[in-house]
Amino acid sequence: MAHRVRVSMYGSSVYVRGLIEFSNICKQNCMYCGLRSGNKQLSRYRLSLQEIMECCDEGYRLGYRTFVLQSGEDAWYTTDRLAELIRSIKQSHPDAAVTLSIGERSDECYTRLFEAGADRFLLRHETASRALYNALHPTMQFEQRRERLHALQSIGYQIGAGFMVGLPGQTSADLAEDLLYVQELQPDMIGIGPFLPHEATPLRDMPPGTVERTLDMIALARLLVPQALIPATTAMGTAHPQGRELALLAGANVVMPNLSPMSVRSKYMLYNNKICTGDESAQCRFCLERRIEAIGLYMDMGRGDSLKYLDQSGQTIAPFFP
Ligand code: SAH
Ligand code: SF4
């Protein structure tokens with residue numbers, strides 16, 4: 001059912017975003033994440049603005065028209081530096097969209113980055129359960145996370161919320177709250193992936209979220225928020241060899257191949273066994289294209305704006321009727 005709804009909204013296209021993991025330095029200490037500040041075993045890196053630009057140039061040559069700049073919460077990248085970076089990406093590639101995924105910042109920062117040309121922002125709400133959120137985020141606040149998402153939405157970004165499935169202590173009622181939350185928020189994008197343990201975190205011995213449960217959540221998210229973009233996440237690809245294909249057939253319609261330089265791939269380790277850490281950017285691009293075509297869908301190299309955004313900006317595309 002979810003696949004049918006997805007086809008009626010977006011056709012058989014799968015949108016692609018080139019993901020650049022530009023820093024693994026993070027001041028936060030989320031219990032599940034390999035980049036948490038408490039992980040002293042990790043070798044840390046920061047890409048220069050020049051290096052990030054080079055990744056975008058490479059992505060552009062490969063056909064990508066959306067770049068996702070993701071990092072830990074790293075204050076070295078001040079508002080000024082990020083604004084300069086965004087302006088130069090937009091100047092070189094005016095037809096590409098820039099998505100940020102850099103965590104919580106001030107209203108002023110979000111506004112200036114939007115004015116510099118950033119189009120979208122991914123900030124998962126992580127879990128809609130207040131108690132679970134508090135247990136997993138010793139350095140962050142439940143209300144604050146939601147408030148930041150609202151701030152981004154009112155500034156004008158296309159926003160991405162989302163959550164992990166199978167977090168230690170998470171109940172079915174908590175997952176129902178996650179679905180109701182995204183239905184209420186109506187984000188442009190909903191990122192859903194299984195929780196996967198990382199060996200250097202306090203949750204190292206906890207069981208991972210299951211593929212089946214995560215597919216259920218993806219399908220339900222598609223049915224509840226039909227116009228959303230839903231990625232087939234790298235965590236799904238890590239949990240199961242065909243995890244992303246399964247997600248794409250259960251309502252997902254976006255993939256995010258890696259564009260980070262090879263030298264840093266293995267250092268952006270959010271969880272154990274993350275896939276694609278040994279592949280060149282071009283390999284990731286063509287590997288995904290083959291996988292998408294093998295399940296009867298096709299890779300759409302356009303900007304891939306959400307239907308909500310296209311509608312609001314008067315560019316509504318006619319719905320597909322299969
Ligand atoms: N620092 C930014 C962006 C990087 S983390 C932020 O937190 O928003 C990106 C996402 O990775 C997080 O939102 C989280 O949902 C996911 N993630 C982190 N650790 C994970 C784990 N162990 N298993 C599955 N997903 C994880
Ligand atoms: Fe930092 Fe994001 Fe990992 Fe939390 S999830 S520790 S904010 S990188």
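**Figure 1. Residues around ligand 1 in the predicted model.** In this predicted model, ligand 1 is surrounded by 16 residues. Tyr32, Ser71, Arg124, Glu126 and Leu196 are the closest of these. Sorted by class, the shell around ligand 1 consists of nine nonpolar, four polar and three charged residues.

**Figure 2. Polar atoms of serine 71, leucine 196 and arginine 145 beside ligand 1**. Two of the distances shown run from the protein backbone to nitrogen atoms of the ligand. At serine 71, a backbone N or O atom is 3.0 Å from a nitrogen atom of ligand 1. At leucine 196, a polar backbone atom is 2.7 Å from a nitrogen atom of ligand 1. Arginine 145 takes part through its side chain: one of its polar side-chain atoms lies 3.2 Å from an oxygen atom of the ligand. On its own, ligand 1 has 540 Å² of accessible area, and the protein covers 92% of this.

**Figure 3. The cavity that holds the ligands.** The largest cavity is the site of ligand 1. Ligand 2 likewise occupies the largest cavity.

**Figure 4. Residues around ligand 2.** The shell of ligand 2 includes the cysteines Cys26, Cys30 and Cys33. Gln28, Tyr32, Leu35, Arg36 and Gly72 are also part of this shell. Its make-up by class is five nonpolar, two polar and one charged residues. Tyr32 appears here and is also listed among the closest residues to ligand 1.

**Figure 5. Salt bridge between arginine 46 and aspartate 74**. The closest N and O atoms of the two residues are 2.8 Å apart. Both partners lie in loops, and the pair links distant parts of the chain, 28 residues apart. Arginine 46 belongs to the loop between β2 (18–23) and α2 (49–61), while aspartate 74 belongs to the loop between β3 (66–71) and α3 (79–92). Over the whole structure, 17 salt bridges are found.

Terms used:
Residues are numbered from 1 along each chain as its sequence is written. Chains are lettered from A and ligands numbered from 1 in the order in which they are written. This is a predicted model: local features need pLDDT of at least 70, side-chain atom pairs count only at pLDDT 80 or more; totals for chains, interfaces and linings use all residues. Side-chain values use heavy atoms; hydrogens and water are left out. A residue is near a molecule or strand if one of its heavy atoms lies within 4 Å of it. A polar contact is a pair of N or O atoms within 3.5 Å; within protein, one must be able to donate a hydrogen and the other to accept it, and residues adjacent in sequence count only if both atoms are side-chain atoms. Accessible areas come from the Shrake-Rupley method with a 1.4 Å probe; for residues, only the protein chains shown count as cover. On a 1 Å grid over the protein atoms alone, a cavity is a set of points where a 1.4 Å probe fits but cannot get out, and a pocket is an open set with protein on both sides within 12 Å along at least five of seven lines; lining residues have an atom within 4 Å of a point. A molecule sits in a cavity or pocket if more than half of its atoms lie within 2 Å of its grid points. Ala, Val, Leu, Ile, Met, Phe, Trp, Tyr, Cys and Pro count as nonpolar, Asp, Glu, Lys and Arg as charged, and the others, Gly among them, as polar. A salt bridge is a side-chain nitrogen of Lys or Arg within 4 Å of a carboxyl oxygen of Asp or Glu. Helices (H or I, at least four residues) and strands (E, at least two) are DSSP runs, numbered from the N terminus.
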